[in-house]
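Please walk me through the side-chain contacts of this structure, beginning with its cysteines and moving on to its aromatic rings.

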Amino acid sequence: MKKKEKKYGLLKGIFILVVVAFVLTWIIPAGGFSSTGYTKTGMMRLGLYDIAYTIYYALSFSVDKIVVLLSIAAFYGVLTKTAAYDRVVTCIAKKLNKKVAIILFSIILAGLTSVITQTFAILIFVPFIVSILNRMKLDKMVILATTFGSILVGIMGATYGTDGVSMFNYYLGYTQSIPNEMPALLIRGGILLIGLVLFDFFVLSILNKKDKKLESSDIFEVEVAEDKAQKTKNVIPLIIISIILLALIILGFINWNANFGLEFGNNFHEMLTEDIKIGSSSSNNEFYIFKDLLGTGFTALGEWNNITISAILIVFTIILALCYRFKVDEFINALKSGMKKAIKPSLCIIGAYMLMIVVYQSTYLATVVSKILTLTDSFNIATMTLSSLILNIFHTDLGFTGWVIGSYLPVEYVDYTNSFYTMFTSLYGFDQFFIPTSMILGIGLISLKVNYKDWLKFIWRFLLGMFICLLIIFILMTVI
């Protein structure tokens, strides 16, 4: 029985949260916010049909993220069959000090997460970092914190990026750009810095204790066969692909135009898809080389989505197999062995969206938040913080929080726009550290085989310290 708890503790937590959300539809009346305030709409109880509806729509919302996971798993399924991967990982692990590695990787992951528009794109580099840390003989809880935990720090300290922020901006009518919102950006950048310093201090403080009870875990172990070791030691293809991937993530997932007014992404895309062609328009015999090769859904740099990076990963996976001379059977087996590792983490994604679909069907959270906010006559940090925490616990996507309350906040609290915006975005990331429906956390826990309860015991001190820091920042933003 104890073994099952360790294996299914997280999935139990997700199931319980979804069931609670269903039950609350029978207790709390639904409602909705508009620019004029809250309107009660009556009971919206969910029944047997709605269970099937919830699963169906959860699957549809999950598809793009599951495709990314499968693409990453397939990529590493091939990569780990080469001695080149083993050679690079071992070389980096030998050259890095443990503390330096933790700080370096956490800065990279948190910093990138804070500015890119799709968090799942960062997961491309996580198995590689996990392999390095595993070779350094670090405990798997430390590895989990350094990788997936650092990504959560980046979500909490969102500046220009992370999932849902753009839609949250849309529903609030919030313009985020350097000339207009520099003070607010600096504050959220400060939250990122404070969170990163506090988190690294916390992880490093328990590093020595964890070393005494060594327990490592590698998501993708190197499985290169002896007879292939010599011909797959060439690291040049691996290094080139890694550099190109990093460059593409930076170029493709930072919204250069909306945030910085830089139009090179759109200009390059137009030149690539419209200007480069063969044939004449007068003879109706035109062939747009890159437009046709890339496909109609391939968007400009800065506007990429999960499907875009999945397509790129698929291409790079094939290139890797060709560079390292995989036979067809070897290639298929490598894909299968890698993609199997993405199946269980995918359940976390589906479960998280199930929760969101339940509260989408019955909008009783608007009633709950309305009761909380009306406890005071004006803007209040305590009620706003509590409202944000509750909404973000039940909402998988920050954009959905904006859909629920976004039309109301800017009108009712017009003088506190930067304050409530910062509170909602940072507390969304804060919630992701402990709620079972946190997709990034769930993928990390299942991939590294860490018990959900053990993670909570590990992280609660950081959460307490970070929550105090956030409250101080919220107070200063409001009173100054």
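**Cysteines and aromatic rings**

Counted by the rule that two cysteine sulfur atoms must lie within 2.5 Å of each other, the number of disulfides in this predicted model comes to 0. Two of the cysteines can be placed with respect to the surface: Cys 91 has a relative accessible area of 39% and is therefore partly exposed, and Cys 323, with a relative accessibility of 39%, likewise counts as partly exposed.

The aromatic side chains offer another view, for the structure holds 30 aromatic pairs. In one of them, the ring centres of Phe 298 and Trp 304 are 5.6 Å apart and the ring planes meet at 70°, so this pair is classed as edge-to-face; Trp 304 itself is buried, at 5% relative accessibility. Another pair joins Trp 455 and Phe 458, whose ring centres are 5.6 Å apart but whose planes stand at 35°, a value that makes the pair tilted because it falls neither under 30 degrees nor over 60. Both residues belong to helix H23, which covers residues 452-479, and because they are 3 residues apart there, about one helical turn separates them. Trp 455 is buried with a relative accessible area of 0%, and Phe 458 is buried as well, with a relative accessible area of 8%.

Aromatic residues also assemble into a cluster, which is formed by Phe 33, Tyr 38, Phe 379, Tyr 408, Tyr 413 and Tyr 416. Elsewhere a ring is met by a charged side chain, since Lys 65 lies over the face of Phe 120, at a distance of 5.7 Å from the ring centre.

Methods: Residues are numbered from 1 along each chain as its sequence is written. This is a predicted model: local features need pLDDT of at least 70, side-chain atom pairs count only at pLDDT 80 or more; totals for chains, interfaces and linings use all residues. Side-chain values use heavy atoms; hydrogens and water are left out. Buried means under 20% relative accessible area, exposed over 50%, partly exposed in between (1.4 Å probe, protein chains only). Rings of Phe, Tyr and Trp (its six-membered ring) pair if their centres lie within 6.5 Å; planes under 30 degrees apart count as stacked, over 60 as edge-to-face and the rest as tilted. Helices (H or I, at least four residues) and strands (E, at least two) are DSSP runs, numbered from the N terminus. A charge sits over a ring if NZ of Lys or CZ of Arg is within 6 Å of the ring centre and within 35 degrees of the ring normal.
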